Amino acid sequence: MKTILTGDRPTGSLHLGHYVGSLKTRVALQREYATYVLIADVQALTDHADEPELVRRNVFEVALDYLAVGIDPSAATIVVQSGVPELAELTVYYLNLVTVARLGRNPTVKDEMQQKGFGADVPAGFLVYPVSQAADITAFKADVVPVGEDQLPMIEQTVEIVRRFNRLYGPVFVEPTALVSKHGRLPGTDGQSKMGKSIGNAIFLSDPTDVVAQKVMGMFTDPGHARAELPGTVEGNPVFSYLEAFEPDAGAVEDLKLRYRAGGLGDVALKRRLIDVLEAFLGPIRARRIEFARDPAAVAQVLREGTARGRAVAHQTLGEVRRALHLDG
Ligand code: TRP
């Protein structure tokens, strides 16, 4: 059986963008692959060093999101990163296989640095987080990493590290492959390219019905579509991106597009339709989330057991790494 590893930084609850980009694939593949899902709390500290309680709280929230969307602890292993110190050890060895210049060229890190306004004052831990991510992926010997598009540069960097390691020290690791969902990235409710948990343009998996309705009603559409009778533009209209991602009946979406383009389908009617579609999707997720939230001790146990199983795998890999590096005494 091949192995999947993927994960999220627990800096907030997960949203529809996470679902489309990666959660959906994980749920679909969890029985075909040995699946590890990492709650990356150590990585979350690379840009939240001043808010450890926020990270701690969100470990639990992200675990609830996982369980609510159908990640099944009897099929997949949920691992809390800080419970596996072997990942930090492997990161230290990998840091010698990457140059500072290469780290500075990682496009996702560059974007994030700009977004966070780090400038020259970027924490060293943040600049090197792709290396710790390479450690996460390889410690579990993952073959496949289901991620959103923005994570592709991380996988690329991981492959480079694996090649360098294997060439210098012998064939310990396999080269992982990224698996990006066909829907790519879901735009934010503001029509911006990416839904982000801290940008104020996200619909969260845990949002109540009225909040979802309010966010949809406030969504960006086609700014040229001033009246219902006028023809509207589908391209770049996030309401249609969401319908494509969440309306199971693709024919119905095509029909709406035709009517929108022809004129006569107003934004309000279209948004009402999206609210129904999202409610059909989120309703059961929300109900399961509430159910799991009632039993925090059971959730904590899922995390403890998953982390112990994950640690055993990483421990085994680190044994091989230490031998390859002549660090085994
Ligand atoms: N960087 C990912 C995010 O921002 C989280 C993550 C940490 C991850 N380690 C990983 C993703 C390993 C895939 C594989 O959400």
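**Ring pairs gather Y94, F165, Y169 and F173 into a cluster.** The model is predicted, with local features requiring pLDDT of at least 70 and side-chain atom pairs counted only at pLDDT 80 or more, whereas totals for chains, interfaces and linings use all residues. Residues are numbered from 1 along each chain as its sequence is written, and side-chain values use heavy atoms, with hydrogens and water left out. A search of the whole structure finds eleven aromatic pairs (Phe, Tyr or Trp rings, the six-membered ring for Trp, with centres within 6.5 Å; planes under 30 degrees apart are stacked, over 60 edge-to-face, the rest tilted). Y94 and F165 form an edge-to-face pair, at 6.2 Å centre to centre and 80° between the planes. This pair links distant parts of the chain, since Y94 lies in helix α4 and F165 in helix α9, 71 residues apart (helices are DSSP runs of H or I with at least four residues, strands runs of E with at least two, numbered from the N terminus). Y94 and F165 are both buried (under 20% relative accessible area, with over 50% being exposed and the range in between partly exposed; 1.4 Å probe, protein chains only).

**F246 and F281 form a tilted aromatic pair, at 4.8 Å centre to centre and 50° between the planes.** F246 belongs to helix α11 and F281 to helix α13, so the pair ties together parts that are 35 residues apart in sequence. Both F246 and F281 are buried.

**Helix α11 (residues 238–246) is largely enclosed by the rest of the structure, because seven of its nine residues are buried.** These buried residues are P238, V239, F240, Y242, L243, A245 and F246. Their cover, taken from contacts (heavy atoms within 4.5 Å), includes α1 (16–29), α12 (250–262) and α13 (267–293).

**The largest pocket holds about 1,300 Å³ of space (a pocket is an open set of points, on a 1 Å grid over the protein atoms alone, where a 1.4 Å probe fits, with protein on both sides within 12 Å along at least five of seven lines; points are joined across faces, edges and corners, and the volume is the space filled by probe spheres set on them).** Of the 50 lining residues (those with an atom within 4 Å of a point), H18, E112, D150, Q151 and K194 are the closest to its centre. Two or more lining residues come from each of β1 (3–8), α1, α6 (107–115), α8 (129–139) and β4 (144–146). Helix α1 gives the most to this lining, with six residues. By class, the lining has 13 nonpolar, 24 polar and 13 charged residues (nonpolar: Ala, Val, Leu, Ile, Met, Phe, Trp, Tyr, Cys and Pro; charged: Asp, Glu, Lys and Arg; polar: the others, Gly among them).

**The second largest pocket has a volume of about 250 Å³.** Of the 16 residues that line this pocket, V42, L87, A88, T91 and S132 are the closest to its centre. Helices α2 (41–44), α4 (86–94) and α8 each supply at least two residues of the lining. In the lining of the second largest pocket, eight residues are nonpolar, seven polar and one charged.

**N58 is placed in helix α3 (residues 52–69).** N58 counts as buried because its relative accessibility is 8%. Leaving aside residues up to four places away in sequence, N58 touches P10, T11, G12 and S13.

**D47 and R9 meet in a salt bridge of 3.6 Å, N to O (a side-chain nitrogen of Lys or Arg within 4 Å of a carboxyl oxygen of Asp or Glu).** The pair links distant parts of the chain, with D47 in the loop between α2 and α3 and R9 in the loop between β1 and α1, 38 residues apart. Both D47 and R9 are buried.

**E175 and R163 join their side chains in a salt bridge of 2.9 Å, N to O.** E175 lies in the loop between α9 (152–169) and β5 (177–179) and R163 in helix α9, so that distant parts of the chain, twelve residues apart, are linked. With relative accessibility of 42%, E175 counts as partly exposed, and R163, at 46%, also counts as partly exposed.

**R294 forms a salt bridge with E291, with the closest N and O atoms 3.2 Å apart.** R294 counts as exposed, at 61% relative accessibility. Elsewhere, salt bridges that share partners join R9, D47, E112 and K116 into one network. The count of salt bridges comes to 22.
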